[in-house]
Amino acid sequence: MVKYPLDRPFQALSDRTRRAILARLAEGEANVGTLTALFEMSQPAVYKHLRVLEKAGLISRTQQGTALLSRLVAAPLPDATEHLGDYRSAWAESVQRR
């Protein structure tokens, strides 16, 4: 159960492999084989990361022939950016005090 709409996107973004997958998908859609080649992990492990990203609303997956293609969906990112922006002045003040 997700209590807050940003929980899943932030949880998904907390993992460096998922951030790397999103960076690759920002270049264009890709199938699991293409994504697996980028990492030292199995296809099932990449599928698990893709499921987390899909549940977070950060990617969509579509069947094209025999390939299952993943593409970036940036819909939750503006809300996440806005949320982080709320803390920008506090972070700036904290850095200046050091």
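**Briefing: charges, sheet and surface patch**

R24 is found in helix α2. The model is predicted. R24 is buried yet has no salt bridge. A search of the whole structure finds 2 salt bridges. A sheet of 3 strands and a nonpolar surface patch complete this briefing.

**The buried arginine**

- The side chain of opposite charge nearest to R24 is E27, 4.3 Å away. A salt bridge needs a side-chain nitrogen within 4 Å of a carboxyl oxygen, so R24 and E27 do not form one.
- Leaving aside residues up to four places away in sequence, R24 touches E29, A30, T34, L35 and L38.
- One of these contacts, E29, has a salt bridge with R71.

**Salt bridges**

- Side chains of opposite charge can pair when their charged atoms come close.
- E29 pairs with R71, and their closest N and O atoms are 2.2 Å apart. E29 sits in the loop between α2 (16-25) and β1 (30-31), while R71 belongs to strand β3 (residues 67-72), so this salt bridge ties together parts that are 42 residues apart in sequence.
- Both partners are partly exposed. Relative accessibility is 35% for E29 and 30% for R71.
- R61 forms a salt bridge with E54. Here the closest N and O atoms are 2.9 Å apart.
- E54 is partly exposed, at a relative accessible area of 32%.

**The sheet**

- The sheet is open, with 3 strands in the order β1-β3-β2 and antiparallel pairing. β1 and β2 (59-64) stand at the edges with a single partner strand each, so one side of each has no neighbour in the sheet.
- Strands of a sheet pair through backbone hydrogen bonds, either parallel or antiparallel.
- β1 pairs with β3 over 2 bridges, in the antiparallel sense.
- N31 stands opposite L69 in β3.
- R71 is also in β3. Its salt bridge partner, E29, lies in the loop between α2 and β1.

**The nonpolar patch**

- L84, Y87 and W91 make a nonpolar surface patch of about 310 Å².
- Y87 lies in the loop between α5 (77-85) and α6 (88-97).
- Y87 is partly exposed, with a relative accessible area of 39%. Residues of a patch need over 30% relative accessible area, so Y87 passes that cut-off.

Methods:
Residues numbered from 1 in each chain as written. Predicted model: local features only at pLDDT ≥ 70, side-chain atom pairs only at ≥ 80, totals over all residues. Heavy atoms only, no water. Patch = residues over 30% accessible without salt bridge, like charges linked within 9 Å, V, L, I, M, F, W, Y side chains within 5 Å. Areas by Shrake-Rupley, 256 points an atom, 1.4 Å probe, with all protein chains shown as cover. Helix = DSSP H or I, 4+ residues; strand = E, 2+ residues; numbered from the N terminus. Buried < 20%, exposed > 50% of the residue type's maximum accessible area, 1.4 Å probe, protein only. Lys, Arg positive; Asp, Glu negative; His and termini not counted. Contact = heavy atoms within 4.5 Å. Pairing = 2+ DSSP bridges.
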